[in-house]
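User: I would be grateful for a close look at one part of this model, namely its pockets and any enclosed space. Please describe what forms their walls, and add what can be said about charged and aromatic side chains.

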Amino acid sequence: MANGSEGQLTFSQLQAKKETVEAELKSLGSVLDSHGVGMETPLVTRDGFPRADIDVAQIRTTRARVIRLRNDYKDIMSKMEKFLHQHFASLDDADATAPSSHSPLPAAVPDAQADGLEDPFAKVNTVAPRSPAEGAGLKAGDVIRVFGYVNKMNHDDLKRVAECVQNNEGKNILIRVSRAAGSSRQQELCLTLTPTRDWGGRGMLGCHIIPL
């Protein structure tokens, strides 16, 4: 029921839902922190008995809620990605009729969407020639704000980026980046990257990404 209605939401409404989920996840994280535990911390002793120094019931409930919210968050990010793909479909059609080049011009993020930019979490360090990354328009120095369903809050030291790449081989991944466009200006871009295993180099992207 919720998924059906969510599919009809505008980009701004999806952004608002994403921020609500992020806020609740942050709050739940604080609950776990207050007990000195994380999502993987054992809740039983070596003998198999519930630990007496923590509120095991509350922690289990909190963890279950975190898992559900993470799934909701992934679904929202997927819908936002599809929304942007549809938005730029006409630009892709225009590119198909224009003279081809190896590195297509990236699409600038519309002002209405640039207002709610994600915080950056990674930077492109190097891009290999003739790689999927170069074909997508990525350049060394680009700062990544969104990589598919991954952003600053959930990237887990870039582990989720690797997961996103592995799960989307041969499929388009939407990326939003900031690129220096002058001494004090940043250009916000929307790129489409397709992980490919046999492009002729290492990895499926052909670029090196480092966390900020």
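Analyst: The lining of the largest pocket is made up of eight nonpolar, three polar and six charged residues. The model is a predicted one, and every value given here is computed from it. The volume of this largest pocket is about 450 Å³. Its wall counts 17 residues, and those nearest the centre are Leu25, Gly29, Val66, Arg70 and Met153. Two elements, α2 (11-34) and α3, each give two or more residues to this lining. Helix α2 provides the largest share, with seven residues. The wall is not confined to one domain: domain 1 (11-92) and domain 2 (122-211) each contribute at least three residues to the lining of the largest pocket.

The second largest pocket has a volume of about 380 Å³. It too is lined by 17 residues, and the ones closest to its centre are Val165, Leu205, Cys207, His208 and Ile209. Here the elements giving two or more residues are β2 (122-127), α7 (159-167) and β6 (207-211). Of these, α7 supplies the largest share, four residues. By class, the lining of the second largest pocket comprises 11 nonpolar, five polar and one charged residues. For comparison, the lining of the largest pocket holds six charged residues.

Turning to enclosed space, one cavity of 30 Å³ or more is counted. The largest cavity contains about 70 Å³ of space. Phe11, Met77, Met80, Glu81, Leu84, Glu118, Val146, Gly148, Leu174 and Arg176 form its lining. At least two of the lining residues come from each of α3 (56-87) and β4 (173-180), and α3 gives the largest share, four residues. Six of the lining residues are nonpolar, one is polar and three are charged. Because domain 1 (11-92) and domain 2 (122-211) both give residues to this lining, the largest cavity lies between them.

Some side-chain contacts complete the account. Side chains of opposite charge can pair when their charged atoms come close. Eight salt bridges are counted in the model. One of them joins Asp142 to Arg179, with the closest N and O atoms 2.7 Å apart. This pair connects distant parts of the chain, 37 residues apart: Asp142 belongs to the loop between α6 (132-136) and β3 (143-147), whereas Arg179 belongs to strand β4. Strand β4 also takes part in the lining of the largest cavity, to which it gives at least two residues.

As for aromatic side chains, the number of aromatic pairs is zero. A ring does, however, meet a charge: the charged end of Lys74 is placed over the ring of Tyr149, at 4.9 Å from the ring centre.

Notes: Residues are numbered from 1 along each chain as its sequence is written. This is a predicted model: local features need pLDDT of at least 70, side-chain atom pairs count only at pLDDT 80 or more; totals for chains, interfaces and linings use all residues. Side-chain values use heavy atoms; hydrogens and water are left out. On a 1 Å grid over the protein atoms alone, a cavity is a set of points where a 1.4 Å probe fits but cannot get out, and a pocket is an open set with protein on both sides within 12 Å along at least five of seven lines; lining residues have an atom within 4 Å of a point. Grid points are joined across faces, edges and corners, and a volume is the space filled by probe spheres set on the points. Ala, Val, Leu, Ile, Met, Phe, Trp, Tyr, Cys and Pro count as nonpolar, Asp, Glu, Lys and Arg as charged, and the others, Gly among them, as polar. Domain bounds come from an automatic or database domain assignment. Rings of Phe, Tyr and Trp (its six-membered ring) pair if their centres lie within 6.5 Å; planes under 30 degrees apart count as stacked, over 60 as edge-to-face and the rest as tilted. A charge sits over a ring if NZ of Lys or CZ of Arg is within 6 Å of the ring centre and within 35 degrees of the ring normal. A salt bridge is a side-chain nitrogen of Lys or Arg within 4 Å of a carboxyl oxygen of Asp or Glu.
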